[in-house]
Amino acid sequence: MQINLISVGNRMPSWVLAGYDEYAKRLPRECELVLKEVAPGKRTKNSDVARIVRDEGERMVAAIPSGAHVVTLDIPGKPWTTPELADAMNRWLAGGQSVALLVGGPEGLAEAAKQKAHESWSLSKLTFPHPLVRIIVAEQLYRAWSLLNNHPYHR
């Protein structure tokens, strides 16, 4: 199974790349984590934000692998505990299909992306900077995998 983290944003600071890479490389091939960056729309004071979000959503939907199980990361989603995320990962592994985790831009996910979702996951009721979300997701996926495999990382 391949887990595709499809996220709006590019040109991340080095600390984001290092944090994400640290956890992504720990995951085994059976649940490889692959980052797919979606170029953000240019935002100015007079931008048509609705159009920008819609365009980002179209690019995001185009990046979803065919037949993938789609999970949005969205504040109104289900707030999983680590064991619940491990259960979800176990389900995804058993399903044998790729997984696409969708992270929107500053204004959130486009409606087109939300409509593709099979489920929605909320990291928190807090709003996190989108670069930090990449690191949190990678770490939590590694933690869930370690829980499923009785690895000592999750204690």
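Here a residue counts as buried when under 20% of its relative area is accessible, as exposed when over 50% is, and as partly exposed in between. That wording will help as we walk through this predicted model.

**Overall fold**

The protein has 5 helices and 5 strands, and from the N terminus on they follow the order β-α-β-α-β-α-β-α-β-α. The radius of gyration is 15 Å, close to the 15 Å that the globule rule gives for 155 residues, so the protein is as compact as a globular protein of that length. Along the principal axes, its C-alpha atoms fill a box of roughly 50 × 30 × 25 Å. Of the 155 residues, 43% count as buried. Sequence-distant pairing is well represented too: among contacts between residues at least 6 apart, 81% join residues at least 24 apart. The surface comes to about 8,200 Å², with carbon and sulfur atoms supplying 52% of it.

**Helix H2, side by side**

Let us turn to helix H2, which holds 15 residues (49–63). At 1.5 Å a residue it should span 21 Å, and its end C-alpha atoms are 21 Å apart, which agrees. Which residues of H2 are buried? They are Ile-52, Val-53, Glu-56, Gly-57 and Met-60. These residues cover an arc of only 135° around the axis, which puts them on the same side of H2. The general geometry fits this picture: an α-helix has 3.6 residues a turn, so residues three or four places apart point the same way. On the other side of H2, Ala-50 and Ala-62 are exposed.

What covers the buried residues of H2? The cover includes the following elements.

| Element | Residues |
|---|---|
| strand S1 | 2–8 |
| strand S2 | 32–38 |
| strand S4 | 99–103 |
| helix H4 | 111–116 |

**Two nonpolar cores**

The largest nonpolar core has 27 residues, and those with the most contacts inside it are Ile-3, Leu-33, Trp-92, Leu-101, Trp-121, Val-137 and Leu-141. At least two residues of this core come from each of S1, helix H1 (14–24), strand S3 (69–78), helix H3 (82–95), S4 and helix H5 (130–148). H5 gives the largest share, 7 residues.

Ile-3 is a good place to look in the viewer. Leaving aside residues up to four places away in sequence, Ile-3 touches Cys-31, Glu-32, Leu-33, Val-34, Met-89, Val-99, Leu-101 and Leu-141.

A second, separate core has 11 residues, including Ile-6, Met-60, Leu-102 and Ala-113. Met-60 brings us back to H2, where it is one of the buried residues.

Notes: Residues numbered from 1 in each chain as written. Predicted model: local features only at pLDDT ≥ 70, side-chain atom pairs only at ≥ 80, totals over all residues. Heavy atoms only, no water. Helix = DSSP H or I, 4+ residues; strand = E, 2+ residues; numbered from the N terminus. Expected span 1.5 Å × (residues − 1). Buried < 20%, exposed > 50% of the residue type's maximum accessible area, 1.4 Å probe, protein only. Arc of directions from axis to C-beta. Contact = heavy atoms within 4.5 Å. Core = buried A, V, L, I, M, F, W, Y, C linked by side-chain atoms within 4.5 Å. Rg over C-alpha atoms; globule rule 2.2 N^0.38 Å. Areas by Shrake-Rupley, 256 points an atom, 1.4 Å probe, with all protein chains shown as cover.
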